[in-house]
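Please look first at the fold as a whole and then at the aromatic side chains, which the paragraphs below take up in turn.

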Amino acid sequence: MPVTLIHAGTFWDGQSNAPLGSRDILVKEGIIQQIAEKIPIPADAAVIDLSDRMVMPGLIDCHVHITLRPEMMGSFWSFSGGYKALLGAEALRKHLMNGFTTVRDCGDMDLHGYTVRDIKMAVEHGLIPGSRLINSGHMLSARSGHMDATGLLSPDGKGWQNNLADGPEEIRRVVREEIKWGAEWIKFAASGGFASPADNPVDVGYTKEEMESLVATATQYHRPVSAHLHGDEAVRMAVLAGVRSVEHGAMASKKTLQLIEERGVFLVPTQYAGVRSARFADSEEYWESIGNNPYEKMKMRMYKDILIENAKNLAESKIKIAFGTDMGILSYSVNGALEFGEMVENGISPMRALRAATSVAAEMLMHPELGTLAPGKAADIIAVRGNPFEDIAVMEKVSFVMKAGTVYKQA
């Protein structure tokens, strides 16, 4: 791999409170070797001139579903694992072109196989271009819970899913199966949801004993745990059980948000998919524009006020927020960077939103080589025209993408 020297007009390292001025970045074998105001050009170096742009770490989306699309909801069972793998390949290419050099898949939607693991292998072996993929396996769920898709079938259809588990013993078995087939995180549905047919966001998916069994089993295998959560009671129970990340947390009370903060748990709010829908809940035109899911529309109208209030309370908290979009629930015709604007709209500062997608996301994922630009870090580097600290919308127009020292996009 050749040596590359990048001239950055403005540089942000993923941690500082503001951009740091112009810098040169020397990259070799996929790793940042040196960052300085001026670096002599090595004889064998390829030079990339980004002197008219702001350079920053590659973005991290901590909550995506690459094998899902909104239009699949009504015909979920008719898509094969092979077709879902093709959807995943398309998704990872789009993420990468939008500046997301790393994504965490938060629920393999092949409920009979382990397709996300195979897509991850394809990226790592160079068979397809795409974002670095962190695999959470399937979203474990109680029967009748948020990820029990058999509710879309006739009662005598006898549908089978590999992610359903009830009781501590069955939960332990399924957690071990997920780990056997490549899960780097364990994800479970601790509450009901909005887009699903058979549950309610305030439902609690598992008992205290079941949650503790799940977390204990994952911990024995050194796997962190994330939980799909909306209702306040489920959020509190999951945090006390020991999860590392709360996904959504859309209806947590101020008291529960304080518990999240005190425990140092990360929260991935996915506000473009959630709070935005709450704001437009009464608009039929809005629901038609995003696929008109009848379950989600009904439940959003029921709980819209508490979602909007929760977003305000989250912005006022000191919780460690990590960036996530819920792409897959959102259409892949959407640029996930719209999440930045939604976060800022809901009171989160541009600096906090940018850190959420870089240094804080890397901390949550326990990948210290990612999320910041410094010597010894992975050469995941993007560039934008403009200053996102002043206009967060520039994050929707990433013009340069390098992942692990390889350039994938250069306008």
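Two aromatic rings, taken from Phe, Tyr or the six-membered ring of Trp, are said to pair if their centres lie within 6.5 Å. By that criterion F100, F323 and F340 form one aromatic cluster in this model, which is a predicted one. The structure holds nine aromatic pairs, and two of them are followed below, after a view of the whole chain.

The protein is built from 12 helices and 16 strands. Its radius of gyration is 21 Å, close to the 22 Å that the globule rule gives for 411 residues, and the protein is therefore as compact as a globular protein of that length. Taken along the principal axes, the box that the C-alpha atoms fill is roughly 70 × 40 × 40 Å. Of the 411 residues, 57% count as buried, while the accessible surface comes to about 16100 Å², with 52% of it belonging to carbon and sulfur atoms. When contacts between residues at least 6 apart in sequence are considered, 70% of them join residues at least 24 apart. As for charge, the protein carries 42 positive and 51 negative charges, and the mean positions of these two sets are 2 Å apart.

We now return to the aromatic pairs. In one of them, W12 and F389 meet edge-to-face, with 5.4 Å from centre to centre and 80° between the planes. This pair links distant parts of the chain, since W12 sits in the loop between β1 (4–11) and β2 (23–28), whereas F389 belongs to the loop between β14 (381–384) and β15 (398–403), 377 residues apart. Both partners fall under the 20% limit for burial: W12 is buried with a relative accessible area of 0%, and F389 is buried with a relative accessible area of 18%.

The other pair brings us back to the cluster, of which F323 and F340 are members. The ring centres of F323 and F340 are 4.5 Å apart and their planes stand at 35°, so the pair counts as tilted. F323 lies in the loop between β13 (320–321) and α10 (338–345), and F340 lies in helix α10 itself, which means that the pair ties together parts that are 17 residues apart in sequence. F323 is buried, with a relative accessible area of 0%, and F340 is buried as well, with a relative accessible area of 0%. F100 joins F323 and F340 in the aromatic cluster.

Key
Residues numbered from 1 in each chain as written. Heavy atoms only, no water. Helix = DSSP H or I, 4+ residues; strand = E, 2+ residues; numbered from the N terminus. Rg over C-alpha atoms; globule rule 2.2 N^0.38 Å. Buried < 20%, exposed > 50% of the residue type's maximum accessible area, 1.4 Å probe, protein only. Contact = heavy atoms within 4.5 Å. Areas by Shrake-Rupley, 256 points an atom, 1.4 Å probe, with all protein chains shown as cover. Lys, Arg positive; Asp, Glu negative; His and termini not counted. Charge placed at Lys NZ, Arg CZ, Asp CG, Glu CD. Phe/Tyr/Trp six-rings, centres within 6.5 Å; stacked < 30°, edge-to-face > 60°.
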